[in-house]
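Here is a short report on a sheet and the helices around it. Have the sequence and the model open as you read.

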Amino acid sequence: MSKVLVVTSGKGGVGKTTSTAALGAALAKAGKNVVVVDFDVGLRNLDIVMGAERRVVFDMINVIQGDAKLSQALIRDKRVETLSILPASQTRDKDALTSEGVEKVIAELREKFDWVICDSPAGIERGATLAMHHADVAVIVTNPEVSSVRDSDRIIGLLDSKTERATKGERIEKHLLLTRYDPVRAARGDMLKTEDVLEILSIPLLGIIPESAEVLRASNLGTPVVLANPDAAPSRAYADAARRLMGEQVPMTVPGEKTGFLNKLFGRRVA
């Protein structure tokens, strides 16, 4: 059975698009048939991170408005056969996204893929609410800073009230992905500690992505970090997060912190 996953955040610049690409690539490497969908109409970036910007002919708006078939707009990744991207339009505005159009596209993608991963725009505007509306699972991307955590708390409230599952009285499965984490700076008090973020947001922890130049380097190369350098610390963290999404029990680790301490600290709250 296919799953629709939305990668979302309240604040921009937290690593949402790079996380979408990395999780999508990790799931595809694990043998799942995956599509990553860019909902950021007008500010298209997912195709750049995926290295597919020169291959975009049609986009999601073309599909919604009937100018192209879904099969024409989908771009298959050249590195992982089971990974595809549906790009956003760079020339239209967000009003071109309609509820009916998005519903039709998501329904068609569910039939073709195991995982439909929606890269949501930051914040709570139309593109973001449409990206999360049909989701079965949500990954809330948060940096360990007060403003990012506060905005994520607002997004959690929307997921619990405005999604299709919420209107049916069901709860959406939610996970926290903590990005740009530096245990040394956290210990000095320069950023929030993991346990502080968990205490505020009260959702299961999917993964902790360490601060690393490898993530920026991979994005500039147009390659998800899990493909650019599989042995890098953030790549291993994303791969573990993908395994947890698939239901595996994977110990939570962070470079510079003890595994045993983390497992004891987070206990059942680890996704």
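## Helix 5

This is a predicted model. Helix 5 covers residues 99-112, which is 14 residues. From first C-alpha to last, helix 5 reaches 20 Å, close to the 20 Å expected at 1.5 Å a residue.

Which residues of helix 5 are buried? They are G101, V102, V105, I106 and L109. Looking down the axis of helix 5, these buried residues fall within an arc of 125 degrees, so they line one face of the helix. The other side of helix 5 carries E100, K104 and E111, which are exposed.

## The sheet as a whole

Eight strands make up an open sheet. Their order is 3-4-2-5-1-6-7-8, and the pairing is mixed. Strand 3 (75-76) and strand 8 (205-210) are the edge strands, and each pairs on one side only.

In general, the strands of a sheet pair through backbone hydrogen bonds, either parallel or antiparallel. Strand 3 pairs with strand 4 in the antiparallel sense, over two bridges. Here I75 stands opposite I85 in strand 4.

## Helices packed on the sheet

Helix 1 (residues 16-29) packs on the sheet. Helix 1 touches strand 1 (3-8), strand 2, strand 4, strand 5, strand 6 (137-142) and strand 7 (173-181). The direction of helix 1 makes about 170 degrees with that of strand 5.

Helix 7 (residues 146-159) also packs on the sheet. Its contacts are with strand 1, strand 6 and strand 7. The direction of helix 7 makes about 165 degrees with that of strand 6.

## Strand 2 and its neighbours

Is strand 2 (residues 34-38) mostly covered or mostly uncovered? Strand 2 is mostly covered, with five of its five residues buried. Both faces are covered. V34, V36 and D38 are buried on one side, and V35 and V37 are buried on the other.

Strand 2 has strand 4 (residues 83-86) as a parallel partner, and four bridges join the two. At V37, the bridge partner in strand 4 is L86. Strand 2 also runs parallel to strand 5 (residues 115-119), with five bridges joining them. In that pairing, V34 stands opposite W115 of strand 5. The strand order 3-4-2-5-1-6-7-8 places strand 2 between these two partners.

How values were computed
Residues numbered from 1 in each chain as written. Predicted model: local features only at pLDDT ≥ 70, side-chain atom pairs only at ≥ 80, totals over all residues. Heavy atoms only, no water. Expected span 1.5 Å × (residues − 1). Buried < 20%, exposed > 50% of the residue type's maximum accessible area, 1.4 Å probe, protein only. Arc of directions from axis to C-beta. Pairing = 2+ DSSP bridges. Contact = heavy atoms within 4.5 Å. Axes fitted to C-alpha atoms, helices over the stretch in contact; angles between N-to-C directions.
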